[in-house]
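Me: Please take a close look at a single part of this model, a buried polar site, and then set it beside the nonpolar and aromatic packing elsewhere in the chain.

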Amino acid sequence: MGACHELGVGGLFSLEGKKGKVNPIVSSLRARLRLKPMPLNMVHDADGLPRIILTDPTGSSAEVLLYGGQVVSWKNERREELLFMSSKFGNLDSTERHGFARNKLWSLDGDPSPLPPTNNQSSVDLILKSTEEDLKTWPRSFELRLRITLSASKLTLISRVRNTDNKPFSFTFALRNYLSVSDISEVRVEGLETLDYLDNLMHRERFTEQADAITFDGEVDRVYLSTPSKIAIIDHEKKRTFVLRKDGMPDAVMWNPWDKKAKALPDMGDEEYKSMLCVDSASIETPIVLKPFEEWKGYQELSTVSSSYCSGQLDPRKVLYGFH
């Protein structure tokens with residue numbers, strides 16, 4: 001496969017258990033949790049897979065799965081779901097295309113140094129180490145760490161990749177954010193205007209964004225390059241704006257399958273494309289290169305602010321640039 005691979009984190013997945021048989025993933029998880037109990041709030045799905053529940057005093061919450069290291073729910077203080085989840089609870093994207101990290105069993109990280117300690121009710125540290133099986137696919141040894149922290153109206157992810165091999169390697173990286181929106185045709189994205197992007201619908205041909213803001217009236221699958229540290233996703237109907245802040249990930253991916261492709265996706269409802277938008281923090285155009293024992297860190301913060309773009313209550317420039 002070569003020295004470059006994508007370590008994707010986030011997104012959705014599906015697991016099918018068989019009656020009368022013990023899921024090996026569940027068995028492995030139980031063994032790990034018995035070995036090192038952690039003061040975390042955990043619940044178990046019908047399949048026996050644990051979810052880590054993060055809570056904040058304001059009433060907001062998040063749910064994290066060890067399988068895939070994925071945040072599958074993020075609710076605000078009003079218990080409104082902020083992330084999109086397919087009714088068929090499927091894996092919307094190809095694991096091969098979007099990296100193997102999202103299809104692996106992660107562990108709780110008991111030593112997240114050099115990061116400071118956190119409140120275990122609102123934060124969790126996960127780790128994924130390369131296995132012998134992984135080395136057959138990608139012959140490089142690594143450690144991938146992820147800290148997920150919940151606070152009032154904010155969800156923060158800190159990703160770290162360490163080269164534990166004796167040779168340098170390169171990789172691409174993406175945090176896949178499936179956002180819940182009222183109606184994709186009423187969504188406006190600010191902060192990517194005038195930037196170059198690679199259009200995956202046009203064989204990754206390079207274009208320059210001409211619009212003042214990105215709006216949606218058809219399928220989109222683009223990689224915006226050298227993007228700013230802040231991007232605003234404005235949902236007119238819900239009067240809500242997602243603010244994506246990032247560091248260490250210069251690119252941003254925009255994806256919505258629209259009607260025809262949504263009908264062809266087995267793990268997505270025919271009309272569900274209307275209520276989702278995928279906006280990724282990513283490092284794709286220029287792969288990250290790590291020498292032996294070097295570490296890379298990427299930072300992402302998702303927050304929400306109340307807004308009504310049409311009535312002028314929110315100037316997107318204030319969100320993006322801090323204008324007064």
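Reply: Glu 272 sits in the loop between helix H4 (258–264) and strand E19, in what is a predicted model. The relative accessibility of Glu 272 is 15%, and because the limit for buried is under 20%, this residue counts as buried. Beyond its neighbours within four places in sequence, Glu 272 is in contact with Phe 84, Ser 86 and Ser 87.

Two of these contacts can be described through side-chain atoms. The side chains of Glu 272 and Ser 87 are joined by a polar contact of 2.8 Å. A polar contact of 3.2 Å links the side chain of Ser 86 with that of Glu 272. The side chain of Glu 272 also reaches a backbone atom, the nitrogen of Gly 269, at 2.9 Å.

Seen from the other side, Ser 86 belongs to the loop between strand E5 (70–75) and helix H2 (95–98). With a relative accessibility of 4%, Ser 86 counts as buried. Its side chain reaches the backbone oxygen of Asp 267 at 2.7 Å. In sequence, Ser 86 and Glu 272 are 186 residues apart, while their C-alpha atoms are 7.2 Å apart in space.

Strand E19, which bounds the loop of Glu 272, leads on to the nonpolar packing. The largest nonpolar core holds 64 residues, and those with the most contacts inside it are Ile 148, Val 189, Phe 216 and Ile 233. The element that gives the most to this core is strand E19 (residues 276–290), with six residues. Another core lies apart from it and has seven residues, including Leu 198, Val 223, Leu 225 and Val 253. Val 189, to return to the largest core, is in contact with Ala 213, Ile 214, Phe 216, Ile 231, Ala 232, Ile 233, Met 254 and Leu 277, leaving aside its neighbours within four places in sequence. In soluble globular proteins, nonpolar side chains tend to be buried together.

Aromatic rings are the last topic. The count of aromatic pairs comes to nine. In one of them, Phe 171 and Trp 296, the ring centres are 5.9 Å apart and the planes stand at 75 degrees, so the pair is edge-to-face. Phe 171 is in strand E10 (residues 169–176) and Trp 296 in strand E20 (residues 295–306), so this pair ties together parts that are 125 residues apart in sequence. Phe 171 and Trp 296 are both buried. They belong to one aromatic cluster, formed by Trp 138, Phe 142, Phe 169, Phe 171, Phe 173 and Trp 296.

Key: Residues are numbered from 1 along each chain as its sequence is written. This is a predicted model: local features need pLDDT of at least 70, side-chain atom pairs count only at pLDDT 80 or more; totals for chains, interfaces and linings use all residues. Side-chain values use heavy atoms; hydrogens and water are left out. A nonpolar core is a set of buried Ala, Val, Leu, Ile, Met, Phe, Trp, Tyr and Cys residues joined through side-chain atoms within 4.5 Å. Buried means under 20% relative accessible area, exposed over 50%, partly exposed in between (1.4 Å probe, protein chains only). Helices (H or I, at least four residues) and strands (E, at least two) are DSSP runs, numbered from the N terminus. Contact means heavy atoms within 4.5 Å. A polar contact is a pair of N or O atoms within 3.5 Å; within protein, one must be able to donate a hydrogen and the other to accept it, and residues adjacent in sequence count only if both atoms are side-chain atoms. Rings of Phe, Tyr and Trp (its six-membered ring) pair if their centres lie within 6.5 Å; planes under 30 degrees apart count as stacked, over 60 as edge-to-face and the rest as tilted.
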